Amino acid sequence: MMSTLLGTRDTSKAVANGTPKAQLQMELLLTHEIHQGQSRISLRVPPEDVLNKQFEEFMNKMSFPAKQREALRSLPNEKRWQMVFLSSLNDLNHRQEAKDSETPEYWINRLDKTDEIDVTELRTLKIIMAGKNDRWMEVFVLKDGLKNCYSR
């Protein structure tokens, strides 16, 4: 059992029920403690090898240039972990709150199953694509979203 902001949970049941490992890791590292009547949230930094791997993944996801990556690598572990954690939390929130029209799958289905797409819709898609990260674009391309755009 663990006590987190999300309540007390038995992690073995969570894994068996299909809770994503990333979410469980976040829950394990974000703890809610009550000490002498005061509530406190603490972020525990993972072991350095885990942090380094997650930080590299974070920098790849954010597409930082090489010069900026070197500067970011020199930050203290606590700051690097804060960046990784907040990015992961943001990703988790976006997945839970994503509007259908902002997902690659929505646009792939829209392009595939519609005979006519007007200019306004294509402009909307262009704006959405400009604001999305590499992963969004990767999903869109791998699921033939670009092919559907050009087959019109």
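In what order do the elements of the chain run from the N terminus on? They go β-β-α-α-β-β-α-α-α-α-α-α-α. Hello everyone, and thanks for coming. Before we go further, please keep in mind that this is a predicted model.

Let me start with the whole chain. There are nine helices and four strands. The chain has 152 residues, and 28% of them are buried. What about contacts between parts of the chain that are separated in sequence? If we take the contacts between residues at least 6 apart, 50% of them join residues at least 24 apart.

Now I'd like to take you to one helix, H8, and look at what surrounds it. H8 covers residues 134–142, and helix H7, residues 119–130, packs with it: their axes come within 9 Å and cross at roughly 130°. That angle makes H7 oblique to H8. As a general point, the angle between the axes and the distance between the axes are how two packed helices are described.

Which residues make this contact? On the H7 side you'll find Leu125, Ile128 and Met129, and on the H8 side Trp136, Met137 and Phe140. Sorted by class, the contact of H7 with H8 has six nonpolar residues, no polar ones and no charged ones.

Let's stay with H8 and ask which of its residues are buried. The answer is Trp136, Val139 and Phe140. If you look down the axis of H8, these buried residues fall within an arc of 100°, so they line one face of the helix. And what covers them? The cover includes helix H6, at 104–113, along with H7 and helix H9, at 145–150.

The two ends of H8 deserve a moment too. At the N-terminal end, Asn133 acts as the cap, with a side-chain oxygen 3.1 Å from the backbone nitrogen of Arg135. Just after H8 comes Asp144, in the loop between H8 and H9. Its phi is near 70°, a positive value in a residue other than glycine. Is Asp144 buried, partly exposed or exposed? With a relative accessible area of 37%, Asp144 is partly exposed.

Elsewhere in the chain, Ser63 tells a similar kind of story. Ser63 is not a glycine, and yet it has a positive phi of about 55°. You can find Ser63 in the loop between helix H3, residues 48–62, and helix H4, residues 66–73. Its relative accessibility is 38%, so Ser63 counts as partly exposed.

Moving on into H9, let me point out Leu146. Leu146 is partly exposed, at 31% relative accessible area. Leaving aside neighbours within four places in sequence, Leu146 is in contact with Met129, Phe140 and Val141. You may remember Met129 and Phe140 from the contact between H7 and H8. There is also a longer link along the chain to mention: Leu146 and Leu111 are 35 residues apart, and their C-alpha atoms are separated by 9.4 Å.

Back in H7, have a look at Glu121. Is Glu121 buried or exposed? Glu121 counts as buried, because its relative accessibility is 18%, and the cut-off for buried is under 20%. Its side chain makes a polar contact with the side chain of Arg110, at 2.6 Å. Apart from neighbours within four places in sequence, Glu121 is in contact with Trp107, Arg110 and Glu116.

My last stop is Val45, in the loop between strand S4, at 38–43, and H3. Val45 has a relative accessible area of 31%, which means partly exposed. Which residues does Val45 touch, once neighbours within four places in sequence are left aside? They are Leu51, Asn77, Glu78 and Trp81. And the C-alpha atoms of Val45 and Phe85 are separated by 9.5 Å, with the two residues 40 apart along the chain.

So, to bring us back to H8: one face of this helix is lined by its buried residues, and H6, H7 and H9 are among what covers them. When you open the model yourself, try starting from Trp136 and Phe140, as both are buried in H8 and both take part in the contact with H7. Thanks for listening!

Notes:
Residues are numbered from 1 along each chain as its sequence is written. This is a predicted model: local features need pLDDT of at least 70, side-chain atom pairs count only at pLDDT 80 or more; totals for chains, interfaces and linings use all residues. Side-chain values use heavy atoms; hydrogens and water are left out. Axes are lines fitted to C-alpha atoms, for helices over the stretch in contact, and angles run from 0 to 180 degrees between N-to-C directions. Angles under 35 degrees count as roughly parallel, over 145 as roughly antiparallel, 65 to 115 as roughly perpendicular and the rest as oblique. Contact means heavy atoms within 4.5 Å. Ala, Val, Leu, Ile, Met, Phe, Trp, Tyr, Cys and Pro count as nonpolar, Asp, Glu, Lys and Arg as charged, and the others, Gly among them, as polar. Buried means under 20% relative accessible area, exposed over 50%, partly exposed in between (1.4 Å probe, protein chains only). The arc is that of the directions from the helix axis to the C-beta atoms. A polar contact is a pair of N or O atoms within 3.5 Å; within protein, one must be able to donate a hydrogen and the other to accept it, and residues adjacent in sequence count only if both atoms are side-chain atoms.
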